[in-house]
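Q: Please take a close look at the salt bridges of this chain. Which side chains meet in them, and where do they lie?

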Amino acid sequence: MRPLIVGMPCDLKMIGNLPFHAVGEKYIDAVRDITGALPLLIPVTREPLDIEQILNAVDGIFLPGSRSNVSPGLYGGTPPRPGNAADPQRDATALPLIRATVSSGTPLLAVCRGMQEMNVAYGGTLHQFVHELPGRHNHRADASAPPDAQYEPAHDITVLAETKLGRIIGAAKFQVNSVHSQGIDRLAPDLRVEAVAPDGTIEAVSIEGAPGFALGVQWHPEWRVRANPAYAAIFRAFGAAVRERANSRK
């Protein structure tokens, strides 16, 4: 039998002076271990791969986080400061892929940069430095700390009533990690807020009227996912939607 397949757009990374296509291992492990699907890495080639061919080959799309940021030119933002990493080849693949994925009813789960990509793909904008906004907290982690310290629980989030995330988690509040400097500014018209941080930062979104599963979260539920029931519930819900999609295509 053909396995369930979840496509994961890569980042373009320079190793030495050569480009490589890569996805963090923690995302691959969470998709494999919790959804039960085979992770299929999607290279972000200079000429983007054909989206219809991608969606014909997969049962779901997972958008991983990244150290890079969506190019502010794509949402009318101010030019990035020096050191603000960009990945235009990922942008060129991911943004049209998001819209096609949702339109086709293919399940979509997005994490961190992935959630920000969702917002930009549908016409929203981003704050490039959330911690510099009046009244906002510092949502960044200490990059010099070991990973366990960077990804430890950082703050509560409040899950809005009658939301997809609320039905998945079954709780109005729970703790999440926080490893991001950017966040949603103007919410795209088709997106719905699912959860917020104590300072009002949007922590989860869904897409109004999406024919399939479409959820984005700002934190990192892939981190030690087996040890966190709320995090695991998100990947299991995504996995169930992927399985349903695969069965509907037989």
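A: The following account takes the salt bridges pair by pair. This is a predicted model, in which local features need pLDDT of at least 70 and side-chain atom pairs count only at pLDDT 80 or more, while totals for chains, interfaces and linings use all residues. Residues are numbered from 1 along each chain as its sequence is written, and side-chain values use heavy atoms, with hydrogens and water left out.

A salt bridge is a side-chain nitrogen of Lys or Arg within 4 Å of a carboxyl oxygen of Asp or Glu; by this rule the count is eleven. One of them joins R90 and E117, with 2.8 Å from N to O. R90 belongs to helix α3 (residues 88-104) and E117 to helix α4 (residues 113-121), so the pair ties together parts 27 residues apart in sequence. Helices are DSSP runs of H or I with at least four residues, and strands are runs of E with at least two, numbered from the N terminus. R90 and E117 are both buried, where buried means under 20% relative accessible area, exposed over 50%, and partly exposed in between (1.4 Å probe, protein chains only). Through shared partners, salt bridges join D11, R90, D91, R113 and E117 into one network.

A further salt bridge is formed by D59 and R2, at 3.0 Å from N to O. This pair links distant parts of the chain, 57 residues apart: D59 is in the loop between α2 (51-57) and β5 (60-63), and R2 is in the segment before β1 (5-9). D59 is buried at 1% relative accessibility, whereas R2 is partly exposed at 47%.
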